[in-house]
Amino acid sequence: MTASREDRADTAEPLLPTADRPTTTPSARPSGLCLSTSPSPTRSPSPTRRTVVTAVGAAGLAAALVACGSGDDKDSEPAGEASEKEEGGGGAGGAVLAKTADIPVGGGKIFKDEGVVVTQPTEGQFKAFSNRCTHKQCPVTSVEGGTINCPCHGSKFDLTDGSVKQNPAPKPLPTKTITVEGDSIKLA
């Protein structure tokens, strides 16, 4: 025998109109108990440990790469511009860089805008090199003590031939072509 609605009303909670009936939320119901026959709302899966570890690792790697490159390239140009200057002569195209008297014997002068270092190892002998260190492409900043010096990591280059005198630079400074006409030095 089945109990009618009225019989159940005596033993169970009173039937309330739908608007007044308390609702059971999925978080409030005991696990394993299904109170509804309608499909449950789709929940996005929570991230797995592997996903979290991978995301944290990727973020850390990105931060490390940014940190490694940020200090070395403060004054440097994008790689495409630097290589164009080395191949095309820096756009000076025969313009006078300096007077021969401006370049000290046993020293040199850096021409930042033209991307070149001009040295005079011995009286009347002039050499020219790129002003970019071959280690991380930092611009060199001084010519002292018989070397062309890079401040970024301490590389030093010989002012006579651009060869590496102190690491970490892996190779000599690239040479540049200059011409000496009278007392004028021109970038070719």
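This briefing describes the fold, sheet pairing, nonpolar cores and cysteines of one protein chain. The model is a predicted one. The chain contains 3 helices and 10 strands, and its elements run α-α-α-β-β-β-β-β-β-β-β-β-β from the N terminus. Of its 188 residues, 26% count as buried. A disulfide joins Cys138 to Cys152, whereas Cys150 takes part in no disulfide.

**Overall organisation**

- The helices precede the strands in the order of elements, which reads α-α-α-β-β-β-β-β-β-β-β-β-β from the N terminus on.
- Among contacts in the chain with a separation of 6 or more, 43% come from residues 24 or more positions apart.
- The exposed surface of the chain amounts to about 12700 Å², of which carbon and sulfur atoms supply 54%.

**The sheet S1-S10-S9**

- An open sheet is formed by 3 strands in the order S1-S10-S9, with antiparallel pairing.
- Its edge strands are S1 (96–99) and S9 (178–181), each of which pairs on one side only.
- Neighbouring strands of this sheet are turned by 25° against each other on average, direction ignored.
- Strand S10 (residues 184–187) runs antiparallel to S9 and is joined to it by 4 bridges.
- Within this pairing, Ile178 stands opposite Leu187 in S10.
- The hairpin of S9 and S10 has 2 residues between the strands, and Gly182 takes a positive phi near 65° there.

**Strand S3 and its partners**

- In strand S3 (residues 116–122), 6 of the 7 residues are buried, so the strand is largely enclosed by the rest of the structure.
- Strand S2 (residues 107–111) pairs with S3 in the antiparallel sense over 5 bridges.
- Gly108 is the residue that stands opposite Thr119 in S3.
- A hairpin with 4 residues between the strands is formed by S2 and S3, and Gly115 in its turn has a positive phi of about 70°.
- Strand S4 (residues 125–130) is likewise joined to S3 by 5 bridges, and the two run antiparallel.
- Thr122 stands opposite Gln125 in S4.
- The hairpin of S3 and S4 has 2 residues between the strands, with Gly124 at a positive phi near 85°.

**Nonpolar cores**

- In soluble globular proteins, nonpolar side chains tend to be buried together.
- The largest nonpolar core here has 12 residues, including Val117, Phe129, Val140, Phe157 and Leu173.
- Three cysteines are among the residues of this core, namely Cys133, Cys138 and Cys150.
- A second, separate core has 11 residues, among them Ile103, Val116, Val118 and Phe126.

**The disulfide**

- A search of the whole structure finds 1 disulfide.
- The disulfide joins Cys138 to Cys152, with an S to S distance of 2.2 Å.
- The link of Cys138 and Cys152 is left-handed, at -105° about the S-S bond.
- This pair links distant parts of the chain, 14 residues apart: Cys138 lies in the loop between S4 and strand S5 (142–144), and Cys152 in the loop between strand S6 (147–149) and strand S7 (156–158).
- Cys138 has a relative accessible area of 1% and is therefore buried, the cut-off being under 20%.
- Cys152 has a relative accessibility of 29%, so it counts as partly exposed.

**Cys133 and Cys150**

- The closest cysteine sulfur to that of Cys133 is in Cys150, at 3.9 Å; the two are not bonded because this is too far for a bond, a disulfide requiring sulfur atoms within 2.5 Å.
- Cys150 is accordingly in no disulfide, its nearest cysteine sulfur being that of Cys133.
- Cys133 is buried, with a relative accessible area of 1%, and Cys150 is also buried, with a value of 6%.
- Cys133 lies in the loop between S4 and S5.
- Beyond its neighbours within four places in sequence, Cys133 is in contact with Cys138, Val140, Cys150, Ser155, Phe157, Ala169 and Leu173.
- Cys133 and Pro174 are 41 residues apart in sequence, and their C-alpha atoms are 9.2 Å apart in space.

Conventions. Residues numbered from 1 in each chain as written. Predicted model: local features only at pLDDT ≥ 70, side-chain atom pairs only at ≥ 80, totals over all residues. Heavy atoms only, no water. Pairing = 2+ DSSP bridges. Axes fitted to C-alpha atoms, helices over the stretch in contact; angles between N-to-C directions. Core = buried A, V, L, I, M, F, W, Y, C linked by side-chain atoms within 4.5 Å. Buried < 20%, exposed > 50% of the residue type's maximum accessible area, 1.4 Å probe, protein only. Contact = heavy atoms within 4.5 Å. Areas by Shrake-Rupley, 256 points an atom, 1.4 Å probe, with all protein chains shown as cover.
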